[in-house]
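Please open the model in your viewer and keep the sequence panel beside it. The stops below say what to select next and what is found there.

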Amino acid sequence: MHELSIAHSIVDTILTAAEPASKKDIREVRLRIGALAGVTKDSLLFCYDIATLDTPLAGSKLVVNDVPVTIYCAVCQAERELVSVQRFRCPVCDTPSGEILKGRELEIESLLIDEYAST
Amino acid sequence: MNTRVLEIRKGVLNKNDELARGLRDRFVEAGVLTVNLVSSPGTGKTAFLERTLTALRESGARVAALVGDLETDNDARRLAASGAPVRQINTHRCCHLEAAMIAEHLEGWDLSSLDFLFIENVGNLVCPASYDLGEKLRIALLSVAEGEDKPLKYPGMFNSADIAVITKIDIAEACDFDRAAARANIDAVRPGIKIFEVSAKRGTGMVEWIDWLREFRIRTQQP
């Protein structure tokens with residue numbers, strides 16, 4: 001259960017990265033989580049609300065995009081999406097592969113920010 | 001009111017990853033091979049490490065260890081009996097070690113006077129997988145008492161490992177341990193990984209492990 005510390009890291013990263021003026025207007029935080037990242041989505045969503053309390057991100061929504069595991073198959077010479085993380089083999093030719101191209105991500109992709117017309 | 005999308009593309013664990021990269025550079029420069037041990041609680045990481053530290057010291061290697069637990073310094077005291085320098089990291093509520101904790105606990109140690117540095121992680125097969133500690137080798141341990149399907153239940157951890165070690169092999173029969181199934185399951189989530197089978201208590205398989213580790217260090221480290 002390290003989702004609370006992950007949630008705190010998300011808040012820290014955003015507050016460091018976003019321009020000061022826009023911080024309080026962040027409506028949505030979009031995250032990419034790989035199937036091998038070891039993070040449970042439901043726990044993270046729950047912890048996010050706690051981690052954002054009393055920060056400019058309070059009330060913002062966390063949107064999680066799941067990233068399946070993609071391997072490189074040396075026999076097919078192609079990228080292949082795994083059917084199951086219990087089986088690191090090419091789903092087409094069944095060759096084992098340890099070359100992971102995607103699926104470890106734990107990344108803040110983008111922010112959705114409200115913009116008010118300047119008067 | 002309009003909305004706009006601001007691309008960020010930043011790793012959530014960036015801070016840890018950067019610290020880990022710094023540690024890795026320090027380890028390489030000092031010529032110390034750093035090994036991170038991960039497993040469930042009770043797999044026998046400490047017993048395996050006790051035996052490893054003692055054997056390496058007897059072979060003339062210079063070794064040290066950091067050991068992570070939520071509370072108590074019991075493991076550090078056990079490991080210190082080997083004669084190696086050992087420091088305990090108490091994480092309190094935290095379920096894994098982070099690069100910052102390693103950096104803090106290395107303070108005052110001359111890394112260039114070491115050949116091997118072992119880090120015994122907090123017993124947990126989930127969270128430590130996400131945190132790079134700057135290690136060269138990550139070793140996932142599994143005891144014969146835990147069930148052959150553990151690698152399938154925790155694929156993230158076993159997939160992130162460089163070496164797998166099956167422990168307590170001396171009681172395999174009493175546990176109805178299916179050796180072939182366990183090996184196949186490890187290989188399913190991490191194809192081609194090297195697997196050692198050991199009993200730290202009886203010494204079974206320890207010579208093979210120690211020889212491999214010493215050879216690996218010579219093969220991969222610049223003097």
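Two strands are said to pair if DSSP finds at least two bridges between them, and the strands themselves (E, at least two residues), like the helices (H or I, at least four), are DSSP runs numbered from the N terminus. This is a predicted model, in which local features need pLDDT of at least 70 and side-chain atom pairs count only at pLDDT 80 or more, while totals for chains, interfaces and linings use all residues. Residues are numbered from 1 along each chain as its sequence is written, with chains lettered from A and ligands numbered from 1 in the order in which they are written.

The model scores ipTM 0.84 and pTM 0.92. If you colour chain B by pLDDT (the predictor's confidence in each residue, from 0 to 100), its average is 95, and 99% of the residues score at least 70.

**Stop one: between the chains**

Select strand 6 of chain A together with strand 1 (residues 2-11) of chain B: 8 bridges join these strands, which run antiparallel. Within this pairing, Ile108(A) has Lys10(B) as its bridge partner. Now widen the selection to every residue in contact across the two chains, where contact is taken as C-beta atoms, placed from the backbone, lying within 7 Å; 30 residues of chain A then meet 29 residues of chain B. On the side of chain A that touches chain B, the elements giving two or more residues are helix 1 (3-17) and strand 6 (106-115) of chain A, and strand 6 gives the most, with 10 residues. That side of chain A has 16 nonpolar, 8 polar and 6 charged residues, where Ala, Val, Leu, Ile, Met, Phe, Trp, Tyr, Cys and Pro count as nonpolar, Asp, Glu, Lys and Arg as charged, and the others, Gly among them, as polar.

**Stop two: helix 1 of chain B**

Next select residues 14-30 of chain B, which form helix 1. Its 17 residues should span 24 Å at 1.5 Å a residue (1.5 Å times one less than the number of residues), and the end C-alpha atoms are 24 Å apart, which agrees.

Which residues of this helix are buried? They are Asn16(B), Leu19(B), Ala20(B), Leu23(B) and Phe27(B), a residue being buried if 20 or more other C-beta atoms, placed from the backbone, lie within 10 Å of its own, exposed if 12 or fewer, and partly exposed in between. Seen down the helix axis, these buried residues fall within an arc of 100° (taken from the directions from the axis to the C-beta atoms), so they line one face of the helix. They pack against strand 2 (33-38) and helix 4 (99-105) of chain B, whereas the face turned away from them carries the exposed residues Asp25(B) and Glu29(B). Just after the helix, Gly31(B) takes a positive phi of about 75°.

**Stop three: strand 5 of chain B**

Move on to residues 116-120 of chain B, strand 5, where 5 of the 5 residues are buried, so the strand is largely enclosed by the rest of the structure. Phe116(B), Phe118(B) and Glu120(B) are buried on one side, and Leu117(B) and Ile119(B) on the other. Strand 5 is joined to strand 2 of chain B by 5 bridges, running parallel, and it also pairs in the parallel sense with strand 3 (residues 63-69) over 5 bridges. Centre the view on Ile119(B), which stands opposite Asn36(B) and is also the bridge partner of Leu66(B).
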